[in-house]
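Thanks for making time this morning. I would like to talk through how some of the helices in this model sit against one another, and I will take them one pair at a time.

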Amino acid sequence: MANVATNKVSYGETNDAQKNVFDLGAFVGDLTVEEDASSDDMSLEGLQQELEECKNDDVVANILSKGTTLREYTKGVENNLRQVELDSIQDYIKESDNLVSLHDQIRECDSILSQMETLLSGFQSEIGSISSDIKILQEKSMDMGLKLKNRKVAESSLAKFVEDIIVPPRMVDIIVDGEVNDEYMRTLEILSKKLKFVDVDPMVKASKALKDVQPELEKLRQKAVSKVFDFIVQKLYALRKPKTNIQILQQNVLLKYKYVVSFLKEHGNEVYTEVRGAYMDTMNKVLSAHFRAYILALEKLQLDIATSSDLIGVETRSSSLFLRGREPLKNRSAVFALGERIKILKEIDEPALIPHIAEASSSKYPYEVLFRSLHKLLMDTATSEYNFCDDFFGEESIFYEIFAGPFAVIDEHFNSILPNCYDAIGLMLMIGIIRQHQLIMSRRRIPCLDLYLDKVNISLWPRFKMVFDMHLSSLRNANVRTLWEDDVHPHYVMRRYAEFTASLIRLNVEYGDGQLELNLERLRMAVDDLLMKLAKMFPKTKLQIVFLINNYDMTISVLKEAAPEGGKIQMHFEELLKSNTTLFVEELLLEHFSDIIKFVKTRASEDPSSSSEKAITVAEVEPLVKDFASRWKAAIELMHKDVITSFSSLLCGMEILRAALTQLLLYYTRLSDCIKRIVGGSALNKDLVSISSIMYEIRKYSRTF
């Protein structure tokens, strides 16, 4: 077969060039098939298809390319196969000994493997037996584990039952004979657990052990309740001792024994009710007495600010607060001016006043200072008591029953003060104090004073509105003749109004109460009307204007201190000041330069070169020019003195004089322009005052202020 393969390769290598041009179809066409005895059994069906399939076969193509017939090639192949077979037989004969040895080795291996099979079968049988034994042992182990677990559970439950139901002698000794201390309270906790155990668990109630233990537990409960009741009542009575610091006693003593109260609440409800009632009664009386004494001490420190006659529109002679109409601005009355009183809002969380110290220094305070101090004490006391009641009793409702007394004492005091309070500034300060206190209690997260503070706030607003309306009515119903004084300086009524309005605006900046702004607008309208009536009492228009300007300027100055950014009321008075300043400038100039002003207003706009009968001539303007040149400096000096004496505010006077001189310069400039257009007007140039000279004089007077 190797030779055949070699021949095939040889054929393939030598005839590669020819197979590409070999025509299998042509060769097959010349093929002749010889007939033999078996030709009848042969079938050539499919021969053509097989030839087509072998068309591209290298070996077939190589054979056919040599022109050898198939039969010859077949015989050659058979000879080669026979030779190969003979060679193979010779090879097997040569290796016969080795084959015999291999056969023997295989038989020995087969014997050994048979023995191993037997041995492994025995092992398999033994392993199956061991597996069965292990399974049995596992089942027994699980059964024993379950029994052990059940026994442990039973032991634990039984041990807990025994522990919970037995009454140790040591516990009996402590409950009966021990002092109420930390150990006693720990024993109370154990007793409480036992009492709850026998009361709650239905299985315990059915146990025989309970019949022996329950009477003893009941005796211990009664003894414990009786003992701790006597103890806690004794501690509560200590609160009634004079000069006792209640908060220290609560924090350092009572809170240490708060479990005593919890024990009574759970196992001695009737006794707990007595303790609760005793504490509420004690604290109600103690705190009521403390607040009553504190209020009485504060009342001795009160400084009376205003009475029912201290109103904006009341005549100054009817009140001792104003000594004269032209009261200096620096001596503002506390009735209408806020002044230093606003500091109370910045000291809102300062400690409460200590009355005996303040009394020793002979200090007196406006009521809002006492009001803040009283409510500061109330807030601190209420906060401490609310937290204590919640911690000690676990009931917030106790606080309200305790403080019913102190609230009544404070309400009684406040109801006696409020109807007689005519201090509108003080009322607004108190409203601000209440708002600040509400914020403080909110930050503390203590709601116990919410209703009380709301009630106080609601009572303050109507009183403030009533006092405010009294001020408003005093302006509307004021007697102009009795209020009028022959003095153009700011009127004391206007000063009161300005300070009063500025105070309320300043207090309202933070809160922006719209209703108060409406009321201030009503007050502004009333004072406008009264001021106009007072101004009309002056015989001369100029005096009327000076009076209005002085009052408007003073009002604006006071309002600017309260709200520098300005407001509707301030803007209103600024507009009035501006319009009256323009009127005064005209009046002042007419007083000294009436001829020039009249000429400039009536003739200066005419064309001097026109041929009308009333054309402006040199003769017409010459007297005006000479008159101005002769006395303009003296007239300006008189205007300066007039302004200095007429206006209270130097700054306001400076602005008015500057405006007057500027207007004079404008009039004179128009006159000069008119003269330049007149035929022959150049003849008057020698008498005309130069514009620069007038400007110099204006600057000189501007520097004198």
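This is a predicted model, and I will begin with helix α21, residues 450-476, and helix α24, residues 514-535, whose axes lie 8 Å apart and which pack at an angle of about 15 degrees. Since angles under 35 degrees count as roughly parallel, α21 is roughly parallel to α24. The crossing in which α21 passes α24 is left-handed. If you would like to find the contact on the screen, α21 contributes F464, K465, F468, D469, H471, L472, L475 and R476, and these meet L516, N519, L520, R522, L523, A526, V527 and L530 in α24. By class, the residues of this contact of α21 with α24 are ten nonpolar, two polar and four charged.

The second pair is helix α23, residues 492-508, with helix α25, residues 541-562, where the axes come within 8 Å and cross at roughly 20 degrees. On that angle, α23 and α25 are therefore roughly parallel to each other, and α23 passes α25 in a right-handed crossing. From α23 the contact takes in M494, R495, Y497, A498, E499, T501, A502, I505 and R506, while from α25 it takes in N551, M554, T555, V558, L559 and A562. Sorted by class, the contact of α23 with α25 has nine nonpolar, three polar and three charged residues.

For the third pair, helix α26, residues 568-602, and helix α27, residues 618-646, the axes cross at roughly 165 degrees and come within 8 Å. Because an angle over 145 degrees counts as roughly antiparallel, α26 is roughly antiparallel to α27. α26 passes α27 in a right-handed crossing. On the α26 side we have F584, L588, L589, E591, H592, F593, D595, I596 and F599, which meet E620, V621, L624, F628, R631, W632, A635, L638, M639, D642 and V643 in α27. The residues of this contact of α26 with α27 divide into 14 nonpolar, one polar and five charged.

Finally, a single helix. How far should the 21 residues of helix α20, residues 424-444, span? At 1.5 Å a residue the expectation is 30 Å, and the end C-alpha atoms of α20 are 30 Å apart, which agrees. Of the 21 residues of α20, 16 are buried, so α20 is largely enclosed by the rest of the structure. Following α20 comes R445, which has a positive phi, near 60 degrees.

Key. Residues numbered from 1 in each chain as written. Predicted model: local features only at pLDDT ≥ 70, side-chain atom pairs only at ≥ 80, totals over all residues. Heavy atoms only, no water. Axes fitted to C-alpha atoms, helices over the stretch in contact; angles between N-to-C directions. Helix = DSSP H or I, 4+ residues; strand = E, 2+ residues; numbered from the N terminus. Parallel < 35°, antiparallel > 145°, perpendicular 65-115°, else oblique. Left-handed = near helix turned anticlockwise from the far one by under 90°. Contact = heavy atoms within 4.5 Å. Nonpolar A, V, L, I, M, F, W, Y, C, P; charged D, E, K, R; others polar. Expected span 1.5 Å × (residues − 1). Buried < 20%, exposed > 50% of the residue type's maximum accessible area, 1.4 Å probe, protein only.
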